Amino acid sequence: MTLPSPLEGGGQASRGARLKVGFSLFWRTFFLLALLLVGSTVAWLQTFRQLEYEPRAIQTAHQIASLVNLTRAALVYSDAITRVSLIKTLADQEGVRILPREPIDRFEPYTSGTLDERVTEELIDRLGEGTVVASQVNNQSGLWIGFTIETDNYWLLLDPTRFSRVGGRTWLVWLITAMALSLAGAALITRFINRPLSQLSRAAREVRDGEYEAHRLDERARTNEIRAVNIGFNRMADQLAKIEQDRAVMLAGISHDLRTPLARLRLETEMSVEDEDARAHMAADISQLDSIIDKFLDYARPDHVDFKPVLLRDVIDACTYAVQDHEDVKIKVDVAPELAVMADEVELTRVISNLVENARRYGKSPATGVADINIQAQAHNDAVLIKVRDHGAGVAPALLSQLTKPFFRGDAARTSAAGAGLGLSIVAKNIDRMGGTFALTSTPGRGLAAHIRMPRAAAGVKPPVPKPVV
């Protein structure tokens, strides 16, 4: 193909969608709420740990100091026999062992963490100088408290788990639980916040596609603002539906009513005008008006289409049959006979006819005055790419997006009183109804090209052969 098709690989819209990667409003709101809640949870947890640190250290030191003082007093005021019995009772029932402290004992200070250091400082402050707090004595782990009774030195061995702080695993479990609850709450809140907006977005999309009654928004919503928006949107959809219906009825009515006077004018022209040249010109003008009426009827046509496999070459041959012998038109068709698309045959015929007529009228070469029209089609994965190109003056690239708007006509190079400005609008509308994609490209001085992407019919299906339109 002489010009690359903008619809290859899925079309302009899909390529643009792939280039734009973003989050939906739900996920953006959820992410922001989750970030806020997780940050708040971590900050709360750290604050709680700091506030819990000092009281726990003092409480642990008080308990250990009280136990040491009670043990020291019991040992001081008991005789030798009772002291042995007391030591055995403490070991069996309370898990507290009293051992003699030897000068050769090897010990490691109880300073494995900040909390341990704070407990050691508090114990020394309460039990007096000379108190030793160790985490290991002679390679035996535990909470060892070294104290003195008169001139004798002793070790008091405790189980450190009785006074241990909340461990890192416990904090991690609390953190994970709090974060999970926070994320679940964030998802629930986000869903409630975004559900009305999601419904509004879906309803707007359906209204854009012409389905005015397909989705009505809830007018009894509890939130005043949402209820007001829903009521306003429903009223707007009703007005648009009425306007669309009135427009279609008006166009169809005007077009229908013009048929009768045009028929009388044609008859009177044939019977009353004697000059053949004047009669031919008047008949041509009437035919032109009649074709414009056909455009109005096509534009006001309802949106029902019937999809079935259609042989593209046969449709193109039927559309070009009436103009292929004109001296001011040269049509070259490069379409495989077996190439089929899923489409409505009548709508597809209307599309190709409008494109051929548009190229015939406005695509004449300035040098020869002949409209050279190339019609090409090729299979591309599960789609068929169709291109209809002329070799006329073309249009400025800035005007391409305006050509498919109703009643818009381009610059002087492609403007004629014979047109109503509806041809390309009808093409774009019909292709969209058939699930295809339509795009225009142009190079000033080299012509205009219309690109169509249609769903490809399954292999092995034999479409019905359309009859030529004479």
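Phe31 is exposed in this predicted model, because its relative accessible area of 52% lies in the range over 50% that counts as exposed. The residue has its place in helix α2, which covers residues 25-76, and together with Leu32 and Leu35 it makes a nonpolar surface patch of about 340 Å². The chain as a whole has an accessible surface of about 27500 Å², and 57% of that surface belongs to carbon and sulfur atoms.

From the surface we can turn to the inside of the chain, where 36% of the 470 residues count as buried. The secondary structure comes to ten helices and twelve strands, and several of these elements meet in the largest nonpolar core, a set of 37 residues. Within this core, the residues with the most contacts are Leu312, Leu348, Leu355, Ile373, Phe438, Ile452 and Met454. Two or more residues are given to the core by each of several elements, including the helices α8 (312-320), α9 (345-362) and α10 (423-433) and the strands β8 (340-343), β9 (371-380) and β12 (447-455). The greatest share comes from α9, which gives six residues. Apart from this core lies another one, of 22 residues, among them Ala61, Ile98, Tyr154 and Leu156.

It helps to follow one core residue in the model. When neighbours within four places in sequence are left aside, Ile373 is in contact with Val329, Lys330, Ile331, Lys332, Val356, Ala359, Arg360, Val388 and Arg389. For the chain in general, among contacts with a separation of 6 or more, 68% are between residues 24 or more positions apart.

The helix α10 also deserves a look, since Leu424, Ser425, Ile426, Val427, Asn430, Ile431 and Arg433 are buried in it. Just after this helix, Gly435 takes a positive phi of about 80 degrees.

How far the details can be trusted is a separate matter. The chain averages a pLDDT of 77, and 80% of the residues score at least 70, but the elements vary: helix α1 (residues 11-19) has the lowest mean pLDDT, 44, while β10 has the highest, 93. Over residues 11-21 the pLDDT stays under 50, and the model has eight contacts beyond four places in sequence for this stretch. The pLDDT is also below 50 over residues 411-417, a stretch with 21 contacts in the model beyond near neighbours in sequence. Where pLDDT is low, the predicted coordinates should not be read in detail.

Terms used: Residues are numbered from 1 along each chain as its sequence is written. This is a predicted model: local features need pLDDT of at least 70, side-chain atom pairs count only at pLDDT 80 or more; totals for chains, interfaces and linings use all residues. Side-chain values use heavy atoms; hydrogens and water are left out. A nonpolar core is a set of buried Ala, Val, Leu, Ile, Met, Phe, Trp, Tyr and Cys residues joined through side-chain atoms within 4.5 Å. Buried means under 20% relative accessible area, exposed over 50%, partly exposed in between (1.4 Å probe, protein chains only). Helices (H or I, at least four residues) and strands (E, at least two) are DSSP runs, numbered from the N terminus. Contact means heavy atoms within 4.5 Å. Patches are made of residues with over 30% relative accessible area and no salt bridge: like charges are joined within 9 Å, nonpolar side chains (Val, Leu, Ile, Met, Phe, Trp, Tyr) within 5 Å. Accessible areas come from the Shrake-Rupley method with a 1.4 Å probe; for residues, only the protein chains shown count as cover. A salt bridge is a side-chain nitrogen of Lys or Arg within 4 Å of a carboxyl oxygen of Asp or Glu. pLDDT is the predictor's confidence in each residue, from 0 to 100.
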